[in-house]
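Visitor: I have a model open and would like to learn how to read it. Could you walk me through it?

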Amino acid sequence: MNAFPASEPYVICPPDTVDVAVVGHGDAFREELTAVRSRVPSLYADPLAWLVADAVEPALAECAGDVLAAREDVAVILVSAHCTLHTMDAVARSLPAPRVSPLRFAGANPGSAGSLLCLLHGFRGSSLTFSMTPEDGLPAARTVARSWLRSGSASYVVLCAHQRHGEKGHSVRCAVLAPAVGDAHAGDADRVAAGRR
């Protein structure tokens, strides 16, 4: 499941991004986005949201202590042209039925593809979804992430990008970003976090 296709690679954070440090990274891959049994009772999330969660697990394993200690100030950004199309389609097909689950409507919100991470890990920072391909959306997503980190609006940013590989499947690549050591604004996030405790 986590074998990331070697073809069609994309970079979350280029090495020349000097004011941002990558403190964790992860990948996940599925041949098909199909219904996923929830790990949390009474919670429905789109299959892409679970794939994003799968990609973030190894990224957090590299920096879990620091990130989870600052969860109040951890932001999440997802870039995906697909978002929650699986759930939107399922809701549309079920409309002739007398009742449609309200959980499915909530799960159909495109923003929910990235916000499942907030529920699972208790992240309470800003969250944003760019509903476009990584090629088109990652430059703007990186700019937003850098702005949040430099201004102290976030201590960490979990930046995820979803790519559909034609008939080969779906992949999500993510990076946990932090202010680079030695950056003039790197202490701002710590001061903001300390002020909120």
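Visitor: Let's start simply. How many helices and strands are there in the chain?

Guide: Keep in mind that this is a predicted model. The chain holds seven helices and five strands. Read from the N terminus, their order is β-α-α-β-α-α-α-β-α-β-β-α.

Visitor: And what share of the residues count as buried?

Guide: Of the chain's 197 residues, 48% are buried. The accessible surface is about 9,600 Å², with 55% of that belonging to carbon and sulfur atoms.

Visitor: What do the contacts say about sequence separation?

Guide: Take the contacts with a separation of 6 or more: 76% of them are between residues 24 or more positions apart.

Visitor: Now a single helix. What span does H1 reach, and what is expected?

Guide: The general idea comes from helix geometry: an α-helix has 3.6 residues a turn, so residues three or four places apart point the same way. Here, H1 covers residues 47–61 and reaches 22 Å from first to last C-alpha, close to the expected 21 Å. At its start, a side-chain oxygen of aspartate 46 comes within 2.9 Å of the backbone nitrogen of leucine 48.

Visitor: Why is H1 described as largely enclosed by the rest of the structure?

Guide: Because twelve of its 15 residues are buried. Among them are Trp50, Leu51, Val52 and Val56.

Visitor: Asp54 is on the buried list too. Why does aspartate 54 count as buried?

Guide: The cut-off is under 20% relative accessible area, and aspartate 54 counts as buried because its relative accessibility is 12%. This residue of H1 also has a side-chain partner: a 2.8 Å polar contact joins it to the side chain of arginine 30.

Visitor: How should I read the nonpolar core? Which residues touch the most other members?

Guide: As a general idea, nonpolar side chains in soluble globular proteins tend to be buried together. In this model, the largest nonpolar core has 31 residues, and Leu117, Phe123, Val158 and Cys160 touch the most other members. H1, S2, H5, S4 and S5 each supply at least two residues of this core, and H1 gives the most, with ten.

Visitor: Phe123 sounds worth a click. Leaving aside neighbours within four places in sequence, what is phenylalanine 123 in contact with?

Guide: Its contacts include Leu60, Val67, Val76, Leu117 and Val158, and also Arg71. There is a second, separate core as well, with 18 residues, including Ala75, Ile77, Ala145 and Leu159.

Technical notes
Residues numbered from 1 in each chain as written. Predicted model: local features only at pLDDT ≥ 70, side-chain atom pairs only at ≥ 80, totals over all residues. Heavy atoms only, no water. Helix = DSSP H or I, 4+ residues; strand = E, 2+ residues; numbered from the N terminus. Expected span 1.5 Å × (residues − 1). Buried < 20%, exposed > 50% of the residue type's maximum accessible area, 1.4 Å probe, protein only. Polar contact = N/O pair within 3.5 Å; in protein donor to acceptor, adjacent residues only side chain to side chain. Core = buried A, V, L, I, M, F, W, Y, C linked by side-chain atoms within 4.5 Å. Contact = heavy atoms within 4.5 Å. Areas by Shrake-Rupley, 256 points an atom, 1.4 Å probe, with all protein chains shown as cover.
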